[in-house]
Amino acid sequence: MSRLLSKLSGGQPVASAPVSVDAHSLDPQRSAEMLAGFEAADIGWFWESDAAGRLTYLTDSAIAAIGAERDALIGSELTQFLATGDSDDLDSTSRPLKFRLASRSPISRLNVTVQTSQSKEIWWEISATPRRDANGEFAGFHGTARDITKSLAQSRDSERAAQFDSLTGLANRLRMARKLDQTLTAFKKSKRSCAIMLLDLDRFKKVNDTLGHPAGDELLKQVATRIKKLLGDHGEIGRLGGDEFQILLPDMDDRGDLGDLSKRLVQMLSQPYSVEGSRAIIGCSIGIAVAPYDGIESSELVKAADLALYAAKDAGRGTYRFYSSELSQNADWRQRIEDDLRDALTQQQFLIQYQPIVDAKTHKIASLEALLRWEHPERGRVSPADFIPVAEELGIINKIGEWVLEEVCTQLSKCPPEVRAAVNVSPIQFASEDFYDTVDAILNKTGVDPARVELEITESVFVGDLERTLKLFKKLKKRGVRLSLDDFGTGYSSLSYLRDAPFDKIKIDQSFVRGCSADDNNNSALVSAIVSMARALKMETVAEGIETKDELAMVKGHGATHLQGYLFSGPISIDELLDRFDSKELEFKPRGPEKYRAERRTEFRKIGVIHGDSRYNVFLRNLSKTGARIEGLLDVPVGTDLVLDLGDGQLAVATVRRSEGFSQGVEFETKLISDGDRGLCTRHRVSPYQIEAAGRPLGALTNSAVAAYTTGSQSVPRAFVEVDMNAYNRR
Ligand code: C2E
Ligand code: MG
Ligand code: MG
């Protein structure tokens, strides 16, 4: 035992190699005494086993601690009362004690459970060194042991706290991330798939704000319970923080099933909740991505699910959305806008178009709305709806707004003096300290009559500092400019604000004008109410976005004083306007359809068609769950089987049902399914593992994933003639 002591006296746990002690350093008598003292202090215990693995010695207090009988214990096999256990459920890879002993190598700080007759769980940490007899033969082990039951329980508790969400008991972000990493790494080897869903609660913040945080917490618990109930033991559920949840679904890649599950989740989470005596209603949006199709590594997959979640929210919330490579392209495009927008001003890529606003009685130009356009060198014309929010985020909207106002004032001086122009003002511009001074300076610089300038402001300005807003309104009115309230009815206006704010004009948002004659909405009643209210407040009314004759009749019937919309004219260039002023053509005749028709989704994109060994390029014109119309192949006989490559590894087997010239109607063998938004997708996709097996590197699917390996052999004659549809469509 003296050798043991030398190791323990250093305060270190037993080292991992057998150590022999210099016999002169400690006489046997003293070492035995020290050993006894150590044992008596109950800091640690000693044990010894023989070559057959039987216990030959164990400190008395250790035997007492486990409530065993000395005679029964000594002589029994170590593995009969000690076992390596599952002390950490994330890492249960420790090898059984039996193997560790059989290998006859040192054991260092191994956690073992102690089998006792009592029901309580006891954990020891043991270390051991192999012993040799005089002949150098293995003679068993000697070692130490200490009780770690308490500290293990504590570390398990803190480990649990670090890995689980205390509110809902679900796995937390850290644990979900680890779990996803481990799953994907293992599944890559075994060529399995794994889906993740990202859930975000809609309107949760509102519950938190109105009912208070304790109610919000209670709601989150109920949400967790509902998700658990629906999923049962399928998959792992986690709360990533706030109102964001994640679900991991191993071996799920059927998008039909995933869509069904998402639909049920959305439905179930949208049922009313009862929290602290109040009723709360929230919704849920879900983004779905599947490995290896949408990402191989966890970061890639999570990003894909994130993009899908954004798309689901964009689609109006309360829905799910599958990831597709198109979403990445949109995100890249958004990044590109950010990068290029800063230079757009200096590169002179902005221009202004003017949309006429006509008098409701005469249909003659009453004023113009200046609409900003960005002529992107590669992308062409980018809509302000796409770049104005980015400019606001980047903090460059003030500069852009300043440019617009100066440009419009300058161009106004070329128009007849009775012509007015309206300029859109971002709420951020309006909130900036020097907004008034900027307007004032531009008016002075260009010398334009302020009464010819109208500022279009949206209702969101009422959300900020109301007192300041009203003061600024008064100051601007005093300077002589006109004020108009844009997109009325979509924001936060309260009638009392309107009474106090000196607007000259209210613009009725196009959403109230659109489809006003359809039976399923009360747009007509709303337009009527807005017009009468404006009349009472002595304000003009512009009906925005008039596209059809029945919309025109409705808004005129309710007495809107001014009209704007494609039915009269879209935005036009300053040169075209000046020509009209020159030739005194001030009237715009309504030109357009009689009635509004809900927009049909006509597809118009290039896809691939695979037939035999050949791949063709065609245009997809119509797409429904059951079939499609394609254009680009000449005289394909009815009954021909084709495979449509819809991109992103989506192959749809189809049969030609109608064929006329270069246009074919095809029927799918298996129905397409909804992508959660307005799009359609296939249930299954070509697996990246299959593509890998065909000799390509493993990677997430891209739009041209299949095209790359189905280009076909050039030597086989092609069955059909491909028409150059690009040339045809240009005509
Ligand atoms: P807005 O101020 O409500 O402008 C009306 C939008 O409706 C314009 O879109 C216009 O082209 C479009 N429109 C006009 N008639 C019709 C119609 O009959 N049918 C349909 N469907 N649309 C019609 P645009 O030019 O894309 O501008 C979008 C928004 O971008 C504007 O909405 C405005 O909020 C903002 N914006 C435009 N120019 C500027 C600007 O210089 N500064 C700021 N801050 N925002 C601007
Ligand atoms: Mg406007
Ligand atoms: Mg508007």
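The following exercises, with worked solutions, concern a predicted model of one protein chain.

**Exercise 1. Overall form**

Task: Compare the radius of gyration of the protein chain with that of a compact globule of 731 residues.

Solution:
- Step 1. For a compact globule of 731 residues, a radius of gyration near 27 Å would be expected.
- Step 2. The protein chain has 38 Å instead.
- Step 3. The extent of the C-alpha trace along the principal axes, about 120 × 75 × 50 Å, may be set beside this value.
- Step 4. The secondary structure of the chain comprises 25 helices and 32 strands.

**Exercise 2. Surface and interior**

Task: Establish what share of the residues is buried and what share of the exposed area comes from carbon and sulfur atoms.

Solution:
- Step 1. Of the 731 residues, 46% are buried.
- Step 2. The chain exposes about 36,600 Å², and 48% of that area is supplied by carbon and sulfur atoms.
- Step 3. As to charge, the mean positions of the 94 positive and 106 negative charges lie 3 Å apart.

**Exercise 3. The nonpolar cores**

Task: Identify the residues that touch the most other members of the largest nonpolar core, and examine the contacts of Leu-455.

Solution:
- Step 1. The largest nonpolar core has 81 residues, and those touching the most other members are Leu-341, Leu-455, Phe-473 and Leu-476.
- Step 2. Helix α15 (residues 397-412) contributes the largest share of this core, namely seven residues.
- Step 3. Beyond its neighbours within four places in sequence, Leu-455 is in contact with residues including Leu-405, Val-423, Phe-435 and Leu-476.
- Step 4. Another core, of 41 residues, lies apart from the largest one; Val-207, Val-223, Ile-247 and Ile-282 are among its members.

**Exercise 4. Leu-211**

Task: Determine whether Leu-211 is buried, partly exposed or exposed.

Solution:
- Step 1. Leu-211 belongs to helix α9 (residues 204-211).
- Step 2. A residue counts as buried under 20% relative accessible area and as exposed over 50%.
- Step 3. The relative accessible area of Leu-211 is 32%, so Leu-211 is partly exposed.
- Step 4. Setting aside residues up to four places away in sequence, Leu-211 touches Lys-206, Val-275, Ser-278 and Ala-280.

**Exercise 5. Backbone geometry in loops**

Task: Locate Lys-191, Arg-203 and Pro-292, and describe the backbone at each.

Solution:
- Step 1. Lys-191 is in the loop between α8 (173-190) and β7 (194-202); although not a glycine, Lys-191 has a positive phi of about 55 degrees.
- Step 2. Arg-203, in the loop between β7 and α9, likewise is not a glycine and has a positive phi, of about 65 degrees.
- Step 3. Pro-292 is placed in the loop between β12 (283-291) and α12 (298-314), and a cis peptide bond with omega about 0 degrees joins Ala-291 to Pro-292.

Methods: Residues numbered from 1 in each chain as written. Chains lettered and ligands numbered in written order. Predicted model: local features only at pLDDT ≥ 70, side-chain atom pairs only at ≥ 80, totals over all residues. Heavy atoms only, no water. Helix = DSSP H or I, 4+ residues; strand = E, 2+ residues; numbered from the N terminus. Rg over C-alpha atoms; globule rule 2.2 N^0.38 Å. Buried < 20%, exposed > 50% of the residue type's maximum accessible area, 1.4 Å probe, protein only. Areas by Shrake-Rupley, 256 points an atom, 1.4 Å probe, with all protein chains shown as cover. Lys, Arg positive; Asp, Glu negative; His and termini not counted. Charge placed at Lys NZ, Arg CZ, Asp CG, Glu CD. Core = buried A, V, L, I, M, F, W, Y, C linked by side-chain atoms within 4.5 Å. Contact = heavy atoms within 4.5 Å.
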